[in-house]
There are 2 protein chains.
Amino acid sequence: MKSDSYTSYFRKDIDEMEGYAPGEQLNIPELIKLNTNENPFPPCPGVFQALANVDPERLRLYPNPTSDPVRDEIAKMFGLTRDNVIACNGSDDTLSITVRCFSSATLPIACLRPSYTLYPTLAALHGAPVKYIDLADDFGMPDDVLDQLKGTNLFLIARPNAPTGNSFPRELMENICANYRGMVLIDEAYADFAADNCADFVNRFPNVIVSRTFSKSRSLAGLRFGFALAHPRTIAGMMKMKDSYNVSYLTQTLAIAALRDTEYFTDCVDKIRMAREMLLAGLLDLGFEVVPSETNFLFAAPPDGDGERCFRELRARNILVRYFPYPRTKRYVRISIGTSNQVVKLWAVLAELYGDNRK
Amino acid sequence: MKSDSYTSYFRKDIDEMEGYAPGEQLNIPELIKLNTNENPFPPCPGVFQALANVDPERLRLYPNPTSDPVRDEIAKMFGLTRDNVIACNGSDDTLSITVRCFSSATLPIACLRPSYTLYPTLAALHGAPVKYIDLADDFGMPDDVLDQLKGTNLFLIARPNAPTGNSFPRELMENICANYRGMVLIDEAYADFAADNCADFVNRFPNVIVSRTFSKSRSLAGLRFGFALAHPRTIAGMMKMKDSYNVSYLTQTLAIAALRDTEYFTDCVDKIRMAREMLLAGLLDLGFEVVPSETNFLFAAPPDGDGERCFRELRARNILVRYFPYPRTKRYVRISIGTSNQVVKLWAVLAELYGDNRK
């Protein structure tokens, strides 16, 4: 019996690091859950139909290893070919594959700060150094970004950015992609809520990967589906890295159904944008400072500049938002856009808490 | 427009390597598909029921990030605790996580040869050196395995082995786990078809990971579900490495249903074992040399010792088996055990091809 002693054979850096902590997934029925940017609306009717039509006998067989039927559907949608598309087990999978393909102990990764904290965690898990590029005071891109990128091999950039919600000008993105000597992954998890996107870069810049997910705009966070668009040679290399059967048969089947149901999708996105503008007006009225958002969330600093207190007070009232305890983010909370009803309830609570600041 | 030129920013070793080639997934209705060790029987009735009961609205939310309800079910089944279990997106995910946790450019991986060719591919993808340990003539473990393991940090061992189908004595496994100074992953993908397994090692050896999959004995290759059992500290470290939401809501839900349906499962496994013994007798009768199998497949050398010809002749007759063109395996084909009907059809074709050798 040796179980009392434990000798670690883990890589030393893994033993020493903290893991990534995703937003809480609590199971409290009355909770208004606005912490992980899920979509408040159900998936599209086509997904309901496709699920009802699944033949469970088919599950005994392996799925299509490269998700070709889904890739064809995505290619059609973007005017690309199957060779421009990789299908993944959520965009977590896309990001992990990318980091493992394009970084190493001698090929550093560049990340913006503040941005999605999963990026530096993935770098650490893979043993790759991280070069942080601090955003300007308004969370815009610093002017010397190309200088700062020098010596790195992979730039992970969320556009629109998370948790701040703002976007970066397309011309700036074009300039970076044209002049950076490395791979740029543009994480467009929130692009469906934005004014524009960079999907067309795929045909213009061989060093660009555009990543998308079904977890936000498609109301399918539970399904685990993401995809990336890139040059065929980039896709071919990433295909080597992915698990052989990384996307389940059920996920492939329902992803196709979701892609074909465009009307419902557009309608949901419109409703979320409207609720976002409604909440924005309410927050400004209460004296919040709010970053201009092109996403399904608002990054907002309460009048007292105490993000943590705001998080705690809301939590005590069964409203869950996200708080990031870092120097640049601690004045803010990140609020996912829920239904109009949820937005109204949230606003009522905030008015109670911060009503004295009302203009 | 730069798309005609492509500068690779991939890690050099990724650019230079071949990817892993999984068995063909053809979509030909009349094909008898015996090449990827899928289960010929449908998933259990509980899975049908659970699928019919899924609430598609739930898909808008992220799944339980650590698959706790499934882990609890698995822990109960093995008399372990939740902390002893990690849930994965198929055992491909388990293997990839393990390789990334316990190997590096300076922490080599040991693999048996012949064994599952995904192991050295994963090592190459992660930039870890591989130490091959050649099996004896009868595909048994060499006597000096512990000596050969020296200097390696992770031993990936399929028990029963694939593609050979034989197992290794438990006492030998105990001796390896007790004396190896590194992590042992025992890949029990086929253990449900075997006479014994090593699941109990988890409470006895802190340096052991036991990996299981639902793709073979549970008839759920399309679902993508695998899990591993290990010491709580091992599981905690592997949890850092896995994607935050690596198992979809649908997969978690159906995996629980599959675990609860034990009677159907036992019945399927019994039927496959019987079909295996039936095919074994038929192959021996035709003069095939067959490795003693504890799996749902037979590794069999035709009388003329030409595995490739056997593969081709069967393929021409709409029967798909697997052929591995390596020195130690080229005399053989690997035949997944199908239904009794499929086994009878296969045998009839083989009798036609090799009947002259009949004893």
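Which strands of chain A does helix α10 (residues 262–285) lie across, and at about what angle does the helix run to β10(A)? The legends below lead to the answer. This is a predicted model, in which local features need pLDDT of at least 70 and side-chain atom pairs count only at pLDDT 80 or more, while totals for chains, interfaces and linings use all residues. Residues are numbered from 1 along each chain as its sequence is written, and chains are lettered from A and ligands numbered from 1 in the order in which they are written.

**View 1. Two copies about an axis.** A turn of 180 degrees with a shift of 0.0 Å along the axis lays chain B on chain A with an RMSD of 0.0 Å (superposed by least squares on C-alpha atoms of residues with pLDDT of at least 70 in both). That is how a two-fold axis relates its copies. In chain B, the C-alpha nearest the axis belongs to B:Ala52, 3.5 Å from it.

**View 2. Where the chains meet.** Chain B and chain A each bring 74 residues to the contact (two residues are in contact if their C-beta atoms, placed from the backbone, lie within 7 Å). Among the helices of chain B that each supply at least two residues to this side are α1 (12–16) and α2 (45–53); helices are DSSP runs of H or I, at least four residues, and strands are runs of E, at least two, numbered from the N terminus. The largest share, six residues, comes from α4(B).

**View 3. A sheet in chain A.** Three strands form an open sheet in the order β9-β10-β12, with antiparallel pairing (strands pair if DSSP finds at least two bridges between them). At the edges are β9 (289–290) and β12 (333–336), each pairing on one side only. Four bridges join β10 (residues 297–301) to β12(A), and A:Leu298 stands opposite A:Ile335.

**View 4. The helix across the sheet.** Here is the answer: helix α10 of chain A lies across β9 and β10 of chain A, at about 5 degrees to β10(A). Axes are lines fitted to C-alpha atoms, for helices over the stretch in contact, and angles run from 0 to 180 degrees between N-to-C directions.

**View 5. Helix α10 in chain B.** Buried residues of α10(B) include B:Phe265, B:Ile272 and B:Leu279 (buried: 20 or more other C-beta atoms within 10 Å of a residue's own, with C-beta atoms placed from the backbone). The buried residues of α10(B) pack against β9, β10 and α12 (340–354) of chain B. After α10(B) comes B:Gly287, with a positive phi near 90 degrees.

Technical notes: A residue is buried if 20 or more other C-beta atoms lie within 10 Å of its own, exposed if 12 or fewer, and partly exposed in between; C-beta atoms are placed from the backbone.
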